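User: Hi, could you walk me through this structure step by step, please?
Analyst: Gladly, and we can begin as soon as it is on the screen.

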Amino acid sequence: MSSSPMFIWVILSVIWIVLFLYVIDRMQKSKRSNESEMEKRIQKLEEENKKLNNEKNDS
């Protein structure tokens with residue numbers, strides 16, 4: 001009978017660990033996505049800045 005509570009604790013511990021790892025993975029994916037989006041934005045702004053500087057130099 002004493003092995004039953006131990007089994008329940010093991011199952012609950014495994015569930016918590018898996019849940020914790022899943023949440024961390026989702027957070028990292030979200031962070032990577034945001035960084036990628038920011039890099040694209042920066043690149044676009046740099047290109048626009050070059051265009052504006054070229055137009056300014058041409059006139």
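**A pair within the helix**

Analyst: D25 and K29 both sit in helix α1, 4 residues apart, which is about one turn of the helix. Helices here (H or I, at least four residues) and strands (E, at least two) are DSSP runs, numbered from the N terminus.

User: Where do these coordinates and residue numbers come from?
Analyst: This is a predicted model, in which local features need pLDDT of at least 70 and side-chain atom pairs count only at pLDDT 80 or more, while totals for chains, interfaces and linings use all residues. Residues are numbered from 1 along each chain as its sequence is written, and side-chain values use heavy atoms, with hydrogens and water left out.

User: Back to D25 and K29, what do they form together?
Analyst: They form a salt bridge, and their closest N and O atoms are 3.5 Å apart. The term stands for a side-chain nitrogen of Lys or Arg within 4 Å of a carboxyl oxygen of Asp or Glu.

User: Why would side chains of opposite charge pair?
Analyst: Side chains of opposite charge can pair when their charged atoms come close.

User: And how many salt bridges are there in the whole structure?
Analyst: The search finds 2 of them. Besides the one between D25 and K29, there is a salt bridge between R41 and E37, with the closest N and O atoms 2.9 Å apart. R41 and E37 also both lie in helix α1, 4 residues apart, or about one turn of the helix.

User: Are those four residues buried or exposed?
Analyst: D25 counts as partly exposed at 30% relative accessibility, and K29 does too, at 39%. R41 is partly exposed with a relative accessible area of 46%, and E37 counts as partly exposed at 42%. Buried means under 20% relative accessible area, exposed means over 50%, and partly exposed is in between, using a 1.4 Å probe and protein chains only.

User: What share of the protein counts as buried?
Analyst: Of its 59 residues, 0% count as buried.

User: Hm, what is the overall fold, then?
Analyst: The protein has 1 helix and 0 strands, and helix α1 covers residues 3-58. Along the principal axes, the C-alpha trace spans about 90 × 5 × 5 Å.

User: How does the radius of gyration fit with that?
Analyst: The protein has a radius of gyration of 26 Å, whereas a compact globule of 59 residues would have one near 10 Å. That radius is taken over C-alpha atoms, and the globule rule is 2.2 Å times the number of residues to the power 0.38.

User: Can you give me some distances along the helix?
Analyst: V14 lies in helix α1, and its C-alpha atom is separated by 29 Å from that of S33, 19 residues apart along the chain. I15 and N54 are also in helix α1, and they are 39 residues apart in sequence and 59 Å apart in space, C-alpha to C-alpha. For D58 and L45, the separation is 13 residues in sequence and 20 Å in space, again C-alpha to C-alpha.

User: And how exposed are K51 and D58?
Analyst: K51 is exposed, with a relative accessible area of 57%, and D58 counts as exposed at 68% relative accessibility.

User: New topic: which residues form the nonpolar patch on the surface?
Analyst: The patch is formed by F7, I8, W9, I11, L12, I15, W16, L19, Y22, V23 and M27, with about 1200 Å² of accessible area together. Patches are made of residues with over 30% relative accessible area and no salt bridge, where like charges are joined within 9 Å and nonpolar side chains (Val, Leu, Ile, Met, Phe, Trp, Tyr) within 5 Å.

User: What does the accessible surface of the whole protein come to?
Analyst: The total is about 6100 Å², of which 62% belongs to carbon and sulfur atoms. Accessible areas come from the Shrake-Rupley method with a 1.4 Å probe, and for residues only the protein chains shown count as cover.
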